[in-house]
Amino acid sequence: MLYLQEQHLMIRQTVRDVVAKVVAPKAREIDETCAFPWDAVKALGELGLLGVPVPEKYGGAGMDNLSNSILIEEVARHCGSTALTIAAHVGLGTYPILAFGTEEQKMRWIPQLASGQAIGAFGLTEPDAGSDAQATKTTAVRDGNEFVVNGAKMYCTNGSYASTIVFTAVTGTDAAGRKQITAFVVEKGTPGLVQGKLEKKLGMRASDTRMIHFEDCRIPVANVLGGEVQIGVGFKKFMQTLDGGRISIGALGLGIAQGALDRALPYAQQRRAFGGPISDLQGVAFKLADMATWIEGARHLVYHAAMLKDADQPFARQASMAKLFASEVGTKASDMAIQVMGGYGFVREYDVERLYRDAKLCEIGEGTSEIQRMVIGRSLVKDGCGF
Ligand code: COS
């Protein structure tokens with residue numbers, strides 16, 4: 001791709017090398033056993049790849065969001081669970097502290113997160129607040145220099161292992177009766193922070209997905225994200241965080257789609273039927289052509305959204321477009337890879353059925369495809385089509 005610079009090609013090669021050694025050999029096994037990808041987290045952390053877009057001042061690699069997207073894409077070609085673990089850690093667990101935290105909060109939490117010595121998580125979704133994120137019921141009531149938090153967050157990626165969870169709670173209502181939502185950071189081990197149910201899932205089985213309960217959990221006012229002046233204005237911070245996170249989920253869908261083509265193409269070239277390789281049959285060749293075309297389109301959308309973010313330009317619409325398109329491409333391409341490979345595609349040994357199961361999450365997590373269409377539609381009505 002013409003717009004990739006040397007640093008992007010370098011990170012791509014570095015990630016390919018470490019993925020080949022540490023991620024790919026274990027991907028099938030950890031899917032079977034639902035084991036958290038500790039080996040990958042350790043190896044990527046040692047290479048500084050768990051804080052790619054974090055400035056060096058806070059212990060990160062000081063690279064851009066395009067580099068981070070390339071990282072997630074390359075990992076997802078082999079293991080969706082590991083890619084999701086990284087995407088959530090960087091985009092949801094670390095980013096809000098970096099973007100909205102006070103200097104003291106950044107120095108306190110980010111170096112450990114960026115180096116992979118600590119894992120980060122994000123708590124927004126609740127049993128009764130998914131797509132309608134403002135419906136949150138978790139409350140935080142002020143008591144002197146602390147808030148007393150009660151409620152629950154569900155589908156919390158990395159929830160079992162996170163040293164810090166950035167989460168939202170209702171801290172009051174405004175004059176118009178609307179909920180005031182505040183963003184907090186809670187540290188592992190805080191009394192009243194209780195681990196709930198570990199989810200068993202269709203795909204992304206080695207990614208950790210956990211319910212978190214707050215039971216009279218006392219959190220210092222110092223842990224309000226951005227400090228005391230930010231009480232009541234946390235919702236927008238979470239929306240902005242999700243804008244960036246959606247680029248990462250787009251990269252994940254893209255990587256899964258590429259992984260599907262990586263497997264289907266050589267299979268079709270080698271597998272013979274009716275006197276020649278099946279890649280010569282139009283019914284198969286057209287499938288491969290569609291997959292490659294969708295992937296190329298998804299890659300441009302994901303990289304463009306990342307570049308807009310890197311250039312400090314508005315990017316929310318493009319992030320939703322990238323996420324919407326690339327995640328649906330992930331599902332369609334992995335489905336098609338199974339079809340091309342027939343029975344070999346359906347059994348576990350050839351990995352494309354795992355890609356298919358993993359891909360589905362990308363159409364749901366960090367905002368369903370329907371939410372992305374809502375965001376894009378609202379932006380069109382508000383700002384026009386932009387051309
Ligand atoms: N960036 C900054 N501010 C934003 C924003 C964004 N991307 N999106 C919304 N806001 C602001 C709005 O401007 C509005 O501000 P004012 O009150 O000052 O006018 C406020 O937030 C509320 O916005 P809105 O009225 O659009 O909120 P809605 O309740 O209609 O919901 C959606 C907005 C649907 C976009 C939001 O709830 C959403 O993204 N839901 C999906 C949640 C999700 O992705 N969950 C997955 C979590 S992964 S763990």
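**Exercise 1. The H1–H2 pair**

What is the handedness of the crossing of H1 and H2? Determine also the relative direction of the helices and the residues that join them.

*Solution.* The structure is a predicted model.
Step 1. The axes of helix H1 (residues 6-33) and helix H2 (residues 38-46) come within 9 Å and cross at roughly 170°.
Step 2. Angles over 145 degrees count as roughly antiparallel, and H1 is therefore roughly antiparallel to H2.
Step 3. The crossing of these two helices, H1 and H2, is left-handed.
Step 4. On the H1 side, Val18, Val22, Val23 and Lys26 make the contact, and their partners in H2 are Asp39, Ala40, Ala43 and Leu44. By class, the residues of this contact comprise six nonpolar and two charged, with no polar ones.

**Exercise 2. The H4–H5 pair**

Describe the geometry of H4 against H5, then classify the residues in their contact.

*Solution.*
Step 1. Helix H4 spans residues 80-100 and helix H5 residues 103-115; their axes come within 9 Å and cross at roughly 160°.
Step 2. H4 and H5 are therefore roughly antiparallel to each other.
Step 3. Their crossing is left-handed.
Step 4. H4 contributes His89, Gly93, Thr94, Ile97 and Leu98, which meet Gln105, Lys106, Trp109, Ile110 and Leu113 of H5. Five of the residues in the contact of H4 with H5 are nonpolar, four are polar and one is charged.

**Exercise 3. The H8–H10 pair**

Repeat the analysis for H8 and H10.

*Solution.*
Step 1. For helix H8 (residues 316-341) and helix H10 (residues 352-362), the axes come within 8 Å, with a crossing angle of roughly 160°.
Step 2. H8 is therefore roughly antiparallel to H10.
Step 3. The crossing of H8 and H10 is left-handed.
Step 4. From H8, the contact involves Lys323, Ser327, Gly330, Thr331, Ser334, Asp335, Ala337, Ile338 and Met341; from H10, it involves Val352, Glu353, Leu355, Tyr356, Ala359, Lys360 and Cys362. The residues of the contact of H8 with H10 divide into eight nonpolar, four polar and four charged.

**Exercise 4. The ligand surroundings**

Which of the 20 residues around the ligand come nearest? Examine next the polar atoms that face oxygen atoms of the ligand.

*Solution.*
Step 1. Ser131, Gln134, Lys236, Arg246 and Arg378 come nearest among the 20 residues around the ligand.
Step 2. Consider side chains. An N or O atom in the side chain of glutamine 134 is 2.8 Å from a ligand oxygen atom. For arginine 178, a polar side-chain atom lies 3.2 Å from an oxygen atom of the ligand.
Step 3. Consider the backbone. A backbone N or O atom of glycine 367 lies 3.0 Å from an oxygen atom of the ligand.

Key. Residues are numbered from 1 along each chain as its sequence is written. This is a predicted model: local features need pLDDT of at least 70, side-chain atom pairs count only at pLDDT 80 or more; totals for chains, interfaces and linings use all residues. Side-chain values use heavy atoms; hydrogens and water are left out. Axes are lines fitted to C-alpha atoms, for helices over the stretch in contact, and angles run from 0 to 180 degrees between N-to-C directions. Helices (H or I, at least four residues) and strands (E, at least two) are DSSP runs, numbered from the N terminus. Angles under 35 degrees count as roughly parallel, over 145 as roughly antiparallel, 65 to 115 as roughly perpendicular and the rest as oblique. A crossing is left-handed if the near helix is turned anticlockwise from the far one by less than a right angle, and right-handed if clockwise. Contact means heavy atoms within 4.5 Å. Ala, Val, Leu, Ile, Met, Phe, Trp, Tyr, Cys and Pro count as nonpolar, Asp, Glu, Lys and Arg as charged, and the others, Gly among them, as polar. A residue is near a molecule or strand if one of its heavy atoms lies within 4 Å of it. A polar contact is a pair of N or O atoms within 3.5 Å; within protein, one must be able to donate a hydrogen and the other to accept it, and residues adjacent in sequence count only if both atoms are side-chain atoms.
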